[in-house]
Amino acid sequence: MTPAARVDAAIELLDVILRETRPADQVIAHWLRGRRYVGSKDRGWIVEAVYACLREKQRLEWWASRAGLPAKPRSLVIVCLMLIDHRTGNEMPELFDGSTHGPSRLSDIERMAVQALHGQALESDIQPRAVRLNLPGMALDRLIARFGDRLDAVGEAMNAPAPVDLRANLLKVDRETVRTMLAKEGVIAEPTPFSPMGLRLERRMPIFHTRAFSNGLAEVQDEGSQLVALLVDAKPGDQVADFCAGAGGKTLAMAATMANKGRIMALDVSEARLERMSDRMRRAGAHNIERRTLKHERDSWVRRHKLKFDRVLVDAPCTGSGTWRRSPDAKWKLTEQTITELVDLQARILDSAARLVKTGGRLVYATCSLLPEENEAQLARFLDSHATEFRQLDAREILPADLAAGLGLAGPEMALDPAAHGTDGFFAVAFERIADPEGTEPPRRRRDDVDEIDVDGDDDMDGEDIMDGEDIDDGIDADDIDGDAAR
Ligand SMILES: C[S@@+](CC[C@H](N)C(=O)[O-])C[C@H]1O[C@@H](n2cnc3c(N)ncnc32)[C@H](O)[C@@H]1O
């Protein structure tokens, strides 16, 4: 491709992403699949340019508007080329050359804008705070409430590219062995600071071709997500419900802490997401997972299995604001309505999933969000409405002492952020059921009886099949290390 053709492709792809509701990584994968003729170097340039525009969209728009350019993808790319790629005014006409595969020539206004932009820095003291921090205005007050004086540091960390973390699959191997195997294939990784099963790549690179990955010895998973699984602390023999299991990031981590003993019911309303778990389960050698598609959070299956689980994880659908460093497009698509709807859905899911927890069992509510209404406010609401049934546990007492001390948790919740912990932003809180809804204790079961408990529904009369783990294309693009796979 000529440099101009690359620029034209970046403008086109950016336009598609900004008009779509799907996440950018999915749109990009789809767009590239339809253009196999685009070589790998060209792909690399185009994707990098598009991500730079998405990551810096607000600051680029601010400069575009100041320079008199319309709010269009083409303007974003022009400003990106000037302020991020540091092109000179003389180079720009060559990139906008009006050729068959290139973008149309620069207009008079664009030429003047290019001159005005020359030598400017992307970040400026005169930008409003939300622009300078590159955060959506509607999130600013919420994040100030959460982080106070730390917000500048958190904002900076949220703008930096995320590292690639792996979880060593302890069902098959220990962390050091995976690390050595990866090193032999040229992939250098260091132990993550907190998770005892985590490895962090020295630099971003595809790992899906490595023996460690294809033999199921490692999975891509952000360290924060690994820590959420540790807070659940599912033990061998436990009955576990993973209520929003998705493609199984945390399900697989829990299968490992359970040493494949006991059972995990992986539940989700999305059959497609649960299907994506099958290949990962097989690769990981995880044999204690059953998957079930729920019609909705109050599916009759939940009622039939109330008070039956030792551990219930609710990894709730959320704004994903804690993962904005991976999915910068998501922050510009956030609306008040989305937040309102998600908060309502989270409450409904949490209330329903709580019914599954047996007395003495643990409920963990988690999000990858940094917004207080999805986290602290949900916790307060749940405790308030379930005061006679649940008590909050202290994460610092659940996690191993050195880990809890290292995380420096300020309270009983496990609140992680990219600045303090280098992880994605996560919030996780653990509760213990102290009484069943009627206030009467269900019969206690002996530990070694738990495998006998009917968690897969012999009484299942609603005709929904539990998926059987057959091999289905996982739909995750080989280079998609920031999609479901990172959770
Ligand atoms: C944050 S994602 C889960 C990520 C997953 N636990 C992991 O670690 O890879 C949230 C999930 O909640 C599911 N979900 C949305 N609405 C739901 C509902 N009403 N009941 C159960 N799951 C729901 C979504 O399909 C999505 O897979």
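This report describes one helix with a buried side, one pair of crossing helices and two loop residues with positive phi in a predicted model.

**Helix H11**

Helix H11 spans residues 175-184, and its buried residues are Arg175, Val178 and Leu182. These three lie on the same side of H11, because the arc they cover around the axis is only 60 degrees. An α-helix has 3.6 residues a turn, so residues three or four places apart point the same way. On the face of H11 turned away from the buried side are the exposed residues Glu176, Thr180, Ala183 and Lys184.

The cover over the buried residues of H11 includes elements from both sides of the helix in sequence: strand S1 (165-168), strand S2 (189-191), strand S3 (198-201), helix H12 (211-214) and strand S4 (218-220). After H11 comes Gly186, which has a positive phi near 85 degrees.

**Helices H1 and H2**

Helix H1 (residues 3-19) and helix H2 (residues 24-33) have axes that come within 10 Å and cross at roughly 135 degrees. With that angle, H1 is oblique to H2. The crossing in which H1 passes H2 is right-handed. On the H1 side, the contact is made by Leu13, Val16 and Ile17, and on the H2 side by Ala24, Val27, Ile28 and Trp31. Sorted by class, the contact of H1 with H2 comprises seven nonpolar residues, with no polar and no charged ones.

**Positive phi in two loops**

Most residues other than glycine have a negative phi. Asn260 is not a glycine, yet its phi is positive, at about 70 degrees. Leu307, also not a glycine, has a positive phi of about 60 degrees. The table lists where each residue is found and its count of C-beta neighbours.

| Residue | Phi | Loop between | C-beta neighbours inside 10 Å |
|---|---|---|---|
| Asn260 | about 70 degrees | helix H14 (249-257) and strand S6 (263-268) | 16 neighbours |
| Leu307 | about 60 degrees | helix H16 (300-304) and strand S8 (309-315) | 15 neighbours |

A residue counts as buried at 20 or more such neighbours and as exposed at 12 or fewer, with partly exposed in between. Asn260 therefore counts as partly exposed, with 16 C-beta neighbours inside 10 Å. Leu307 is likewise partly exposed, because its count inside 10 Å is 15. Asn260 sits in the loop that runs between H14 and S6, and Leu307 in the loop between H16 and S8.

Note on methods. Residues are numbered from 1 along each chain as its sequence is written. This is a predicted model: local features need pLDDT of at least 70, side-chain atom pairs count only at pLDDT 80 or more; totals for chains, interfaces and linings use all residues. Helices (H or I, at least four residues) and strands (E, at least two) are DSSP runs, numbered from the N terminus. The arc is that of the directions from the helix axis to the C-beta atoms. Two residues are in contact if their C-beta atoms, placed from the backbone, lie within 7 Å. Axes are lines fitted to C-alpha atoms, for helices over the stretch in contact, and angles run from 0 to 180 degrees between N-to-C directions. Angles under 35 degrees count as roughly parallel, over 145 as roughly antiparallel, 65 to 115 as roughly perpendicular and the rest as oblique. A crossing is left-handed if the near helix is turned anticlockwise from the far one by less than a right angle, and right-handed if clockwise. Ala, Val, Leu, Ile, Met, Phe, Trp, Tyr, Cys and Pro count as nonpolar, Asp, Glu, Lys and Arg as charged, and the others, Gly among them, as polar.
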